[in-house]
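Got your viewer open and a selection tool ready? Let's walk through this one stop at a time.

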Amino acid sequence: MNQSAEFAFYSASEADTERLAAKLAERCQPGTVIALDGDLGAGKTRFSQAVARALGIEGIVNSPTFTIIKEYDSGRLPLYHMDVYRISMAEADELGLDEYLYGDGVSLVEWSSLITPLLPPRYLHLFMQTEGETERIIRLTAYGEPYVSWINELKRMGV
């Protein structure tokens, strides 16, 4: 049976979103997969930048919209930042995304719902919903461990 847990985080500002990203980055380990979805402009790339910063990634981290995958290896763990918005399921499969998703780094996948069947059985999904100019509701859904524990910790901390 696949364990799951859910948590809704209210973000009043980019700083709140960055704080959540940092809390999650603290827990990242080799093989971490964080799947990101939400409307255009909801903050997926900003969240990814905050995770990268918290992992100690140096340099500019921007959306891999046209390159599909960007790799960063200057931090505590390698970071694989993906944007699968512009590719088909078949193209995603041909790219060998599983090498990243099952690799030794942290995979952040923007527009992940387009490739859900390719995601591993255990991952953390964030859906970012715009509520105003800076406000967001970020719905976290954990599929399996360690992500269920992460959500339970966030709830206990009152994040």
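Select D16 and show its surroundings: leaving out residues up to four places away in sequence, D16 touches F9, Y10 and S11, where a contact means heavy atoms within 4.5 Å. This is a predicted model, in which local features need pLDDT of at least 70 and side-chain atom pairs count only at pLDDT 80 or more, while totals for chains, interfaces and linings use all residues. Residues are numbered from 1 along each chain as its sequence is written, and side-chain values use heavy atoms, with hydrogens and water left out.

Stay on D16 for a moment. Is D16 buried or exposed? D16 is buried, because its relative accessible area is 18% and buried means under 20% (exposed is over 50%, partly exposed is in between, with a 1.4 Å probe and protein chains only). Now draw a distance from the side chain of D16 to the backbone nitrogen of A12: a polar atom of that side chain lies 2.9 Å away.

**Next: the helix around D16**

D16 is found in helix α1, so colour residues 14–27. Helices here are DSSP runs of H or I with at least four residues, strands are runs of E with at least two, and both are numbered from the N terminus. Helix α1 has 14 residues and reaches 20 Å from its first C-alpha to its last, close to the 20 Å expected at 1.5 Å a residue; that expectation is 1.5 Å times one less than the number of residues.

Which residues of α1 are buried? Select D16, T17, L20, A21, L24, A25 and R27. An α-helix has 3.6 residues a turn, so residues three or four places apart point the same way. To see what covers the buried residues of α1, switch on, among others, β1 (4–11), α2 (44–54), β6 (123–130), β7 (136–143) and α5 (147–157).

**Hop over to A54**

A54 sits in helix α2. Partly exposed is the label for A54, because its relative accessible area is 40%. Leaving aside neighbours within four places in sequence, A54 is in contact with A22 and A25. Try a C-alpha to C-alpha distance from A54 to E26 as well: they are 28 residues apart in sequence and 7.4 Å apart in space.

**Into the core**

Show side chains for L24, F47, L124, L126 and L140. These have the most contacts inside the largest nonpolar core, which has 52 residues. The largest share of this core, five residues, comes from α5. A nonpolar core here is a set of buried Ala, Val, Leu, Ile, Met, Phe, Trp, Tyr and Cys residues joined through side-chain atoms within 4.5 Å. In soluble globular proteins, nonpolar side chains tend to be buried together.

Centre on L124 next. Apart from neighbours within four places in sequence, its contacts include L24, V33, I34, A35, L140, W150 and I151.

**Strand β7 and its partners**

Switch to cartoon and pick β7. Six of the eight residues of β7 are buried, so mark it as mostly covered. Which strands flank it? β1 and β7 run antiparallel and are joined by eight bridges, and β6 and β7 also run antiparallel, with eight bridges between them. Two strands pair if DSSP finds at least two bridges between them. Click Y143 in β7: S4 stands opposite Y143, and Y143 is also the bridge partner of Y123. Follow the backbone from β6 to β7 and you go round a hairpin of five residues.

**Over to β3 and β4**

Select residues 69–72 for β3 and 79–83 for β4; the two pair in the antiparallel sense over four bridges. K70 has H81 in β4 as its bridge partner, and a hairpin joins β3 to β4 through six residues.

M82 lies in strand β4. M82 counts as buried, because its relative accessibility is 0%. Its contacts, not counting residues up to four places away in sequence, include P64, I68, I69, L97, Y100 and V109. The C-alpha atoms of M82 and Y100 are separated by 9.5 Å, with their positions 18 residues apart along the chain.

**Zoom out**

Show the whole protein: five helices and seven strands, in the pattern β-α-β-α-β-β-α-α-β-β-β-α along the sequence. Its radius of gyration is 14 Å, close to the 15 Å that the globule rule gives for 159 residues, so the protein is as compact as a globular protein of that length. That radius is taken over C-alpha atoms, and the rule is 2.2 Å times the number of residues to the power 0.38. Of the 159 residues, 49% count as buried.

Key
Polar contact = N/O pair within 3.5 Å; in protein donor to acceptor, adjacent residues only side chain to side chain.
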